[in-house]
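Student: I have the sequence and the model open. Can we go through them together?
Tutor: Yes. Ask one thing at a time.

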Amino acid sequence: PIARHTVFECIPDAVLVVDEQNRIVDANPKAHTLFGEPVGRHAVEVLGPERTNVLSLLGRTFELSRQRLGASQAEVLLLRDVTEQRHAEAALREARTALELRVEERTSALFVAETRFRTLFDSAYQFMGTLDADGTLREANHTSLQFAGVSAADVLGKPFWHGPWWRHSPALQETLQKAIERAARGELVRLEVNHEDQSGQLRFFDFSLKPMGAGPDAPTTLLVEGRDIPDLRRAEDERTPLREQLHQPQHLDSIGRLAGGLAHEFLATSDAL
């Protein structure tokens, strides 16, 4: 039929028809372009001895498919040039391998950084944690958990002001809520607070909320830090009576000078009389 002949002639793949003795009896124009005059030659001579699905011929790569003609041993061999496709696949594999390697390296670097951060975070002497902008506690380091005698599961995912550090003072809870609102608007908040330790002793802390992430006016995370300042508080308490003692002689000396002045003035007035 004309249509079948047209397809045979115009198909971009090389087509070879071989008989029962594996000799080429017909070939389309593409096959002639590749192999010169293949008709009459043995297929092994043209294609090589290996009967594989992928052939390297003339510096090109071809996929070979076979179709038997009826009940005979004659076959139609179709060779599709896949050189560019294989190059593209190889380039894609190389790119994927390089990408996977970079991802693996990045993942390893992130793991190292996360491990380093977690070590520093949990070994820090001061209280450290992170909050969502609404005040939900997301992280708390070992120092802060140990101080309150709780586990992470007891406090994470809950409003920070409901944590055990603030239960002793409803006023502080209210102050903290307002401080979180200010920090959520991008403001660095710092104040002095007190917490009860597990023995019930009141301890003083320099407490701060630092906005982090996104824009300065819309932070996604609040960094919490609490620095224990008992020594500073104790030194301040010790300086107060000392300051009063130092002021007392100065006060007495001032009184003495005033009294002396008055006495001198009184004597001078008496002499004048």
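Student: How many salt bridges does the structure hold?
Tutor: Keep in mind that this is a predicted model. A salt bridge here needs a side-chain nitrogen of Lys or Arg within 4 Å of a carboxyl oxygen of Asp or Glu. The structure's total is 17.

Student: Which helix holds both R118 and E114?
Tutor: Their side chains meet in a salt bridge, at 3.7 Å from N to O. The two residues are four apart, about one turn of the helix. Both lie in helix 4.

Student: Is R118 buried, partly exposed or exposed?
Tutor: Buried means under 20% relative accessible area, and exposed means over 50%. R118 has 28% relative accessibility, so R118 counts as partly exposed.

Student: How many residues apart are R190 and D206?
Tutor: Their side chains meet in a salt bridge of 2.5 Å, N to O. The pair links distant parts of the chain, with R190 in strand 8 and D206 in strand 9. In sequence they are apart by 16 residues.

Student: Is D206 buried or exposed?
Tutor: Look at R190 to begin with: its relative accessible area is 61%, so R190 is exposed. For D206 the relative accessibility is 13%. The cut-off for buried is under 20%. D206 therefore counts as buried.

Student: Which residues are linked with R190 and D206 in a network of salt bridges?
Tutor: The R190 and D206 side chains meet in one salt bridge. The network holds two further names. They are E225 and R227.

Student: Which strands does the pair of R203 and D228 tie together?
Tutor: The side chains of R203 and D228 meet in a salt bridge, 2.4 Å from N to O. The pair ties together parts that are 25 residues apart in sequence, because R203 lies in strand 9 and D228 in strand 10. So the strands are 9 and 10.

Student: Why are the buried residues of helix 7 on the same side?
Tutor: The buried residues are L172, Q173, L176, A179, I180 and A183. They share a side because they cover an arc around the axis of only 125°.

Student: Which strands do the buried residues of helix 7 pack against?
Tutor: On the other side of helix 7, P170 and A171 are exposed. The buried residues pack against strand 6, strand 8, strand 9 and strand 10.

Student: Which residue with a positive phi follows helix 7?
Tutor: Helix 7 runs over residues 170-184. The phi in question is near 100°. The residue is G186.

Notes. Residues are numbered from 1 along each chain as its sequence is written. This is a predicted model: local features need pLDDT of at least 70, side-chain atom pairs count only at pLDDT 80 or more; totals for chains, interfaces and linings use all residues. Side-chain values use heavy atoms; hydrogens and water are left out. The expected span of a helix is 1.5 Å times one less than its number of residues. Buried means under 20% relative accessible area, exposed over 50%, partly exposed in between (1.4 Å probe, protein chains only). The arc is that of the directions from the helix axis to the C-beta atoms. Contact means heavy atoms within 4.5 Å.
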